[in-house]
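User: Could you take a close look at one helix in this model for me, and walk me through how it packs against its neighbours?

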Amino acid sequence: GSFELIKMLQKLNATGIGLLTGILMIGLSLGFFYSGMESGSIIQYSIYIVYAMGITWAVYRFSRTEKNDHKFGSYFQQGFKCFIVVTLLMIMYTFVFNKMHPEFTEQIAAVYKEQLIKKGNAMPPEIESNVGEMKKSYLTILIAASVFQYLIIGAVITLVSSFLFMKRK
């Protein structure tokens, strides 16, 4: 029952917490998408709240163990172990999800083409060439942006939670 679940959650290490956090984030993301929620909805930021909570949990959990040497690097390492797993999961999710939904690339390409036409400084063959290049690089750019985003957010949350729990000796 729920008692076994609580005992299992208490035994999770930072990597396990990262795995659970990433799975929850993917679940929320899919739930929001398939519920038809408008992208950019404020509720979608709950994914980042789950991310922050997972990292904070990993650092906090370490702060309560006998392995805690009260050194910043040790705290940060726990947060890193968590957020690197989340980042890897979210990159795989981004790749697979976008491969399953090529219409996203087409929608972005249509918007890009409109922008190029409005600028008015390119001929139709050049516009088509630029749109083609954008389509080829869209997923790569999206994944690179995701990697950067999750690593930066993860590092900042780890930094803050490491300092918070270090001070609480």
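Analyst: Happy to. A crossing of two helices is called right-handed if the near helix is turned clockwise from the far one by less than a right angle, and left-handed if it is turned anticlockwise. With that in hand, please keep in mind that this is a predicted model.

The helix to look at is α3, which covers residues 46-63. Its 18 residues reach 25 Å from the first C-alpha to the last, close to the 26 Å expected at 1.5 Å a residue. The buried residues of α3 are I47, V50, Y51, G54, I55, A58, V59, F62 and S63. A general point helps in reading that list: in an α-helix there are 3.6 residues a turn, so residues three or four places apart point the same way. As for what lies over the buried positions of α3, the cover includes α2 (14-34), α4 (72-100) and α6 (124-167). Let us take α4 and then α6.

The axes of α3 and α4 come within 8 Å and cross at roughly 145°. In the sense defined above, α3 passes α4 in a right-handed crossing. On the α3 side, the residues that meet α4 are Y51, G54, I55, A58, V59, F62 and S63. Their partners in α4 are S74, Y75, Q78, G79, C82, F83, V86 and T87. By class, the residues of this contact between α3 and α4 are nine nonpolar, six polar and no charged.

One of the α4 partners deserves a pause. Q78 sits in helix α4, and Q78 counts as buried because its relative accessibility is 14%, where the cut-off for buried is under 20%. Leaving aside residues up to four places away in sequence, Q78 touches A14, A58 and F62. A58 and F62 also appear among the α3 residues that meet α4. For a longer-range view, Q78 and L12 are 66 residues apart in sequence, and their C-alpha atoms are 12 Å apart in space.

Between these two helices there is a loop, and H70 is located in that loop between α3 and α4. The phi of H70 is near 60°, a positive value in a residue other than glycine. H70 counts as partly exposed because its relative accessibility is 33%.

Now for α6. Here the packing angle with α3 is about 40°, and the two axes are 9 Å apart. The helices α3 and α6 are therefore oblique to each other. As with α4, the handedness can be stated: α3 passes α6 in a right-handed crossing. From α3, the contact is made by Y48, Y51, A52, I55, T56, V59, Y60 and S63. From α6 come Q149, Y150, I153, G154, I157, T158, S161, S162 and F165. Sorted by class, the contact of α3 with α6 holds ten nonpolar residues, seven polar and no charged.

Putting the two lists beside each other, Y51, I55, V59 and S63 of α3 are among the residues that meet α4, and Y51, I55, V59 and S63 are also among those that touch α6. Those four residues also appear in the list of buried residues of α3.

Elsewhere in α6 there is S146. S146 is buried because its relative accessible area is 9%. Beyond residues up to four places away in sequence, S146 touches I91 and T94.

Notes
Residues numbered from 1 in each chain as written. Predicted model: local features only at pLDDT ≥ 70, side-chain atom pairs only at ≥ 80, totals over all residues. Heavy atoms only, no water. Expected span 1.5 Å × (residues − 1). Buried < 20%, exposed > 50% of the residue type's maximum accessible area, 1.4 Å probe, protein only. Contact = heavy atoms within 4.5 Å. Axes fitted to C-alpha atoms, helices over the stretch in contact; angles between N-to-C directions. Nonpolar A, V, L, I, M, F, W, Y, C, P; charged D, E, K, R; others polar. Parallel < 35°, antiparallel > 145°, perpendicular 65-115°, else oblique.
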